Amino acid sequence: QARVTKICCLGAGYVGGPTCAVIAYKCPHITVTIVDLNQARIDAWNSDDLPIYEPGLDEVVKAVRGKNLFFSTDVDTAIKEADLIFVSVNTPTKKSGVGKGFAADLGYVESATRHIAKVAVSDKIVVEKSTVPCRTAQSMRKILDSNGKPGARFDILSNPEFLAEGTAIRDLFAPDRVLIGSLDTANGRSAAASLADVYGNWVPRKQVITMNLWSSELSKLAANALLAQRISSINALSAICEATGADVDEVSYAVGLDSRIGPKFLKASVGFGGSCFQKDILNLVYLSESLHLPDVAEYWRQVVEMNESQKRRFTQHIISSLFNTLTGKRLAVLGFAFKKDTGDTRESAAITLIKYFRQEQAKIAIYDPKVEESQIWYDLAEPGVVDDVTALKKQVTITSSAYEAAEGADAVVICTEWDEFRDTKLDYEKIYATMNKPAFIFDGRLILNQKKLEKIGFKVECIGRSRAVQ
Ligand code: NAD
Ligand code: UDX
């Protein structure tokens, strides 16, 4: 079995960057080079201002960068020198062609694989780190076998990543499990053992699980589908709570105490976001349809549909509370990231909500502690619509504090559960004083103490809780 001493990672994104930085940190005897085609991203990784915000990441990168961790755009050299190559490139939902809107676009995985085949002159273990449809390893094998140089042999492993943004470093330091999928051949098992040894430097052996390639690929889609399904289930229940007088936090607590159900991922919200859940479920829907399993496809499609419906329902609730019109009213949107402790906005519920508010002719003031202004403009502009940004800027402003956003507002809308928006951190008396009356708060994340805010004078509306029914 080959001992890994040089690792290359193709893709310096939210997964490749933190994952391989932690490998370098935990394995001083391994040289890790993270490469990307995007020069600006690599320059940022080599600077004091890393391209992604993730608690604890700075410390890890700064401890090992320049020692056994390197960031580069020299993809050829990194591939040539490595024993093991992670493919950690993006796999977005296809925007056109067959499977548009559902299937994963495997173009980046394919071109990364072809790049490996073209330049590798010695044996390599190639590891799928990207989330891919079941049986992608088969396609990678065909590309490598038919394009590889003589003398270079490739073993392909699946090693899906389960980190969540905002807690990536904690998740990587102490993962619930590490999955390694391989072909059940002598070479396949040996390659899997080599990768297991890398993780063995810090992850207890019993948590490093080896299995067949296809199970490993499917387990990643399955885990995300099941997690998202829990959120859609509790959000579906939140609608019943609002109509009956039940309180979704109490229901969630009560059911979570059942050890068969467990308490995690049962927090009702304005809808899940992030780059993974929707994309991976749609991918599973497409896979099910391709396998002629329409009922299975429909089942999973409903998880995404319920998420969309939650955002529409929340907006409708805001409109009806504000006397059935948002025209000209100022809404302070607190939080633009898809969850707290990240600057990532991919599929963030805030984007959809703001689009709805704009359609109602509201004025919107946005504050987020970590998201860059340019990112917010980018996310809100309709691609291809001429002069959309000018129209956008007439309706939307970006502020540098929650207080500034709330000044003169008719309502505060909590979209992201940042700790700094809690009533123990923000001075809501000060906010109340500057708002139009009646001053509304719509808590889309259930982070506020409703009674305390009502005492100040706010009209408070929370997901999954109704004041009307006692
Ligand atoms: P990302 O877009 O942040 O990063 C991908 C990077 O790959 C980009 O910087 C891109 O320039 C680079 N790239 C594309 N083709 C390349 C090539 N041929 N050679 C070198 N670099 C190339 O994406 P991400 O969020 O890191 O996700 C990567 C994969 O991991 C996806 O399949 C995703 O589904 C999966 N995943 C993501 C998360 C998450 O929390 N973001 C968690 C688990 C799994
Ligand atoms: C997810 C998976 O958790 C992770 O294992 C996988 O590797 C990548 O996809 P991520 O999207 O980074 O991670 O964050 P996660 O914590 O799962 O949150 C996803 C979305 O669900 C967020 O918008 C979050 O606010 C929302 N959420 C989460 C809820 O609305 N309620 C919950 O109880 C939990």
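This short talk walks through one parallel sheet and the nonpolar cores of a predicted model.

A word on conventions first: residues are numbered from 1 along each chain as its sequence is written, while chains are lettered from A and ligands numbered from 1 in the order in which they are written. In this predicted model, local features need pLDDT of at least 70 and side-chain atom pairs count only at pLDDT 80 or more, whereas totals for chains, interfaces and linings use all residues.

On confidence, the mean pLDDT of the chain (the predictor's confidence in each residue, from 0 to 100) is 96, with 98% of residues reaching 70 or more, and the model scores ipTM 0.98 and pTM 0.96.

Turning to the sheet, 6 strands (DSSP runs of E, at least two residues, numbered from the N terminus) form an open, parallel arrangement in the order S11-S10-S9-S12-S13-S14. Strands S11 (396–398) and S14 (459–462) stand at the edges with a single partner strand each, so one side of each is left without a neighbour in the sheet. Within it, S9 (residues 330–334) and S12 (residues 411–414) pair in the parallel sense over 4 bridges, where pairing requires that DSSP find at least two bridges, and Leu334 stands opposite Ile414 in S12.

Now the cores, meaning sets of buried Ala, Val, Leu, Ile, Met, Phe, Trp, Tyr and Cys residues joined through C-beta atoms within 7 Å, buried being 20 or more other C-beta atoms within 10 Å of a residue's own, with C-beta atoms placed from the backbone. In the largest, of 77 residues, Val333, Leu334 and Val413 touch the most other members. Another core, of 61 residues, lies apart from it and includes Cys20, Ala112, Ile116 and Val178.

Notes:
A residue is buried if 20 or more other C-beta atoms lie within 10 Å of its own, exposed if 12 or fewer, and partly exposed in between; C-beta atoms are placed from the backbone.
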